[in-house]
Amino acid sequence: MEPAKKSQVSLQAEIKYNQRVKEENRLQHQRDIINRNRVVQFVSNWQDNAVAVDAVVPRTDDPTLPANTFRVWFLGITFGILICAANTIFTFRSNYFAVTPFVTVLIAYPCGLIMAKALPQGILNPGKFNYKEHALIYVMTSCMASPPYALYNIVGQKYQLYQTDLSLLSGFAFAIVTQCFGYGFAGLTRRYLVRPAAMLWPSNLATIAMLNSLHGTDDGQGNRYPMTRYKFFWLVSSAMFFYQLLPSYVMPMIGALSVICWFTNNKKDNKMALLLGSGSYGGGVGLLSFTFDWSLCNVYAPITTPLWAMMNQFMGLWLFLWVVVPILWYTEAFYKDQSIGASSEYGFTLNAPSTFNKDGVRIRNTKFVIRSPDDHNSLILNQTFYDANKPILITTYFAMEYANSFIVFIAALVHVGLWYGKDIWHRFRATLKDLDRNDIHATLMDAYPEVPDWWFMALLAVNTVIAIVVCQWGGFDLPWWGTILAMLLALVSIIPIGTIQAISGQQIGLNVMSEFLIGLLLPGRISAVMAFKTFSYMAMYQGLFLVADMKLGHYLKVPPRVMFMAQLVSTVLGSVVSTAGFQWLMQVQAEDPASGWSSNNYNTFLSAGAIWGAIAPARFFGPESPYFKTLIGFAVGAVLPIIPWYLHKMQPDSFWHLVNIPLIFIFPAYAGARRSDMITPLAISVIVNYFVKKYRHTWWKKYAYVMSAAFDSGTGVMLLILFFMVQFNPKYQMPFPAWFMNSGDVERCLPDAALTCMEHATMGGAYGNEYLPEQDPLCNE
């Protein structure tokens with residue numbers, strides 16, 4: 001070959017080689033970017049929260065500050081009892097509402113200051129009211145704020161299934177042990193979930209920031225927003241207190257504004273308009289309906305929940321309730337969907353957690369169970385009744401709730417494994433090797449005596465013995481091995497799920513999976529299934545709830561043994577208060593969804609017990625069942641989270657990292673509650689957590705969480721007053737006089753004739769009178 005040609009070939013080869021190297025470098029650079037973004041996605045939340053921890057958590061401690069004081073126990077128990085009683089009453093509401101314990105942070109502060117000035121120096125008053133006392137008061141209230149899940153078992157068995165021989169003592173014991181199981185697990189796992197710096201528990205940061213503000217010196221300073229948080233709280237809660245009178249009593253229509261029903265003819269034969277427009281109990285999906293009632297928005301926590309999480313959640317709610325459910329209902333995708341509840345005022349039933357027979361007629365859940373001839377304390381499936389009415393049907397809405405629960409459980413595991421798996425594994429290994437290396441907070445906590453493990457082991461052992469006795473012989477029909485299995489399920493789950501929650505803020509529930517498992521092992525035994533569900537679910541849920549409070553004490557250097565006593569006493573006391581309090585509340589069990597007090601949560605729990613317990617999963621979700629196809633949710637949950645994760649790998653600068661499949665499929669809009677809450681919570685979140693946060697960040701940082709707590713407080717107090725004054729005595733109801741914005745159907749979706757008859761019934765039976773339909777010629781046809 002000629003030298004010139006050889007040189008030219010070599011040059012071309014070199015050019016090609018350089019191009020190939022350049023292309024390989026470019027591809028490697030892209031892979032590096034993808035890997036870097038992937039790592040950032042794994043740890044970004046942790047890094048942001050770690051910075052937030054340093055910003056609000058003090059890195060110093062004064063061990064001489066008193067914590068175990070009279071003020072703590074007096075204020076903690078007092079406020080705990082009040083909030084516990086209030087939230088127990090609110091469990092009977094159609095739409096979920098609860099007073100947050102964060103309110104105590106604000107209310108206890110002036111009380112502590114007054115006691116520090118008024119009480120004589122000594123045991124009752126060790127000096128200045130300090131932040132450690134304040135934190136303990138909050139923890140005690142927090143432990144008592146959530147009524148025991150065991151209430152649903154007791155109400156279901158004793159008052160809905162009429163198991164009258166279920167003693168009050170068994171009820172108290174069941175409530176206490178289910179709560180304290182979680183405490184025993186929390187204590188035994190605290191070295192993995194509390195002490196390590198990697199276990200952030202970011203939900204505590206808002207409370208710590210508020211405590212710092214109240215016990216600091218800068219809350220009222222500054223020219224732009226000089227009003228203190230404390231004064232702002234009382235002004236806003238007072239305003240909300242008076243405002244809540246409107247949607248809850250005077251003009252309920254502003255709590256359920258149905259756009260579609262405004263512009264359509266409200267006739268019974270206009271079924272699609274009713275299906276889409278109505279959102280009340282037994283009605284439809286509330287398409288485009290909105291509300292001005294904070295008590296309906298409270299469940300979503302729109303101010304304290306991050307905007308990206310709200311957008312994921314509501315995207316899923318809109319997709320399923322406004323698109324998927326109507327399509328499935330219209331096409332009768334399950335079995336005779338349109339015939340279910342055809343005899344109701346709407347001509348159909350969609351928004352209800354009830355069960356129906358093969359003809360679409362509603363069945364009371366009590367019909368499914370009978371006393372076992374072999375064991376009088378055992379409630380079993382009434383096989384004769386079941387065979388005469390099968391297949392047992394549920395509404396399309398209710399069926400999609402179960403399908404979504406299957407999706408969420410698997411999707412949460414897959415999502416966390418993909419996005420956070422390596423990060424969690426590395427941190428978990430680190431916690432096993434060295435729990436608190438270079439962690440200033442753990443070092444400061446070493447100054448205090450730790451709670452010995454045998455305290456928690458002894459508590460767990462005592463609870464185990466009591467639980468076996470109560471469940472085996474106390475009327476809950478769960479054999480001893482079922483109690484042990486429930487404990488093992490919770491124990492196996494609490495560390496990995498707790499690690500996930502501590503890092504990412506996501507918790508995977510065990511309620512549906514526990515029902516599925518025990519329903520297969522003990523088919524036809526409703527009491528046993530409900531008891532197993534409560535034990536396994538609450539041991540993990542309550543355990544992680546208490547772990548979060550332990551982490552709060554860790555951050556604020558509260559002595560561990562004082563924290564132990566405060567949590568234990570308040571947990572037991574809260575169980576006693578709730579169990580005793582609901583006994584005399586059972587007289588409000590009347591089925592009156594329009595009043596907003598239909599006991600929907602208890603009815604849903606009992607329906608789940610009938611489906612998973614009496615009928616059992618093999619029958620209700622088996623191959624011969626109309627709802628067998630809901631099990632596809634497990635496969636969907638395993639596949640869907642891979643899509644945004646893979647797309648993010650391909651496009652690391654895109655929005656895919658914000659797509660959270662578990663949040664999209666979480667279904668907090670439970671069947672039976674009023675569905676006018678599908679727009680307003682997201683609108684509030686956008687206004688507060690985007691516009692206000694972006695353009696008035698200083699105001700948002702100072703007042704946003706306080707405003708949320710003020711809304712809860714003002715609303716809660718007014719709801720309690722209305723409950724006792726207007727609705728408590730079933731023989732002397734005091735409704736507001738009927739007018740355009742206070743009709744029988746607050747949405748005014750039903751025909752005018754039906755509204756008139758509902759108003760006659762409401763007002764005719766009010767103020768001690770008795771309404772007799774046969775004496776009402778307009779409605780007695």
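This note goes through the packing of the predicted model, from its core to its aromatic rings.

1. In this predicted model, local features need pLDDT of at least 70 and side-chain atom pairs count only at pLDDT 80 or more, while totals for chains, interfaces and linings use all residues. Residues are numbered from 1 along each chain as its sequence is written, and side-chain values use heavy atoms, with hydrogens and water left out.

2. The largest nonpolar core (a set of buried Ala, Val, Leu, Ile, Met, Phe, Trp, Tyr and Cys residues joined through side-chain atoms within 4.5 Å) holds 192 residues, and Tyr-402, Phe-535 and Trp-612 touch the most other members. Its largest share, 19 residues, comes from helix 21, residues 526-556, where helices are DSSP runs (H or I) of at least four residues, numbered from the N terminus.

3. Thr-630 lies in the loop between helix 24 (617-620) and helix 25 (632-639), and Thr-630 is buried at a relative accessible area of 3%, the term meaning under 20% with a 1.4 Å probe and protein chains only. A polar atom of the Thr-630 side chain lies 2.6 Å from the backbone oxygen of Tyr-627.

4. Among the 45 aromatic pairs, Tyr-149 and Tyr-537 form a tilted one, 5.1 Å centre to centre with 55° between the planes; rings of Phe, Tyr and Trp (its six-membered ring) pair if their centres lie within 6.5 Å, and planes under 30 degrees apart count as stacked, over 60 as edge-to-face and the rest as tilted. This pair links parts of the chain 388 residues apart.

Terms used
Buried means under 20% relative accessible area, exposed over 50%, partly exposed in between (1.4 Å probe, protein chains only). Helices (H or I, at least four residues) and strands (E, at least two) are DSSP runs, numbered from the N terminus. A polar contact is a pair of N or O atoms within 3.5 Å; within protein, one must be able to donate a hydrogen and the other to accept it, and residues adjacent in sequence count only if both atoms are side-chain atoms.
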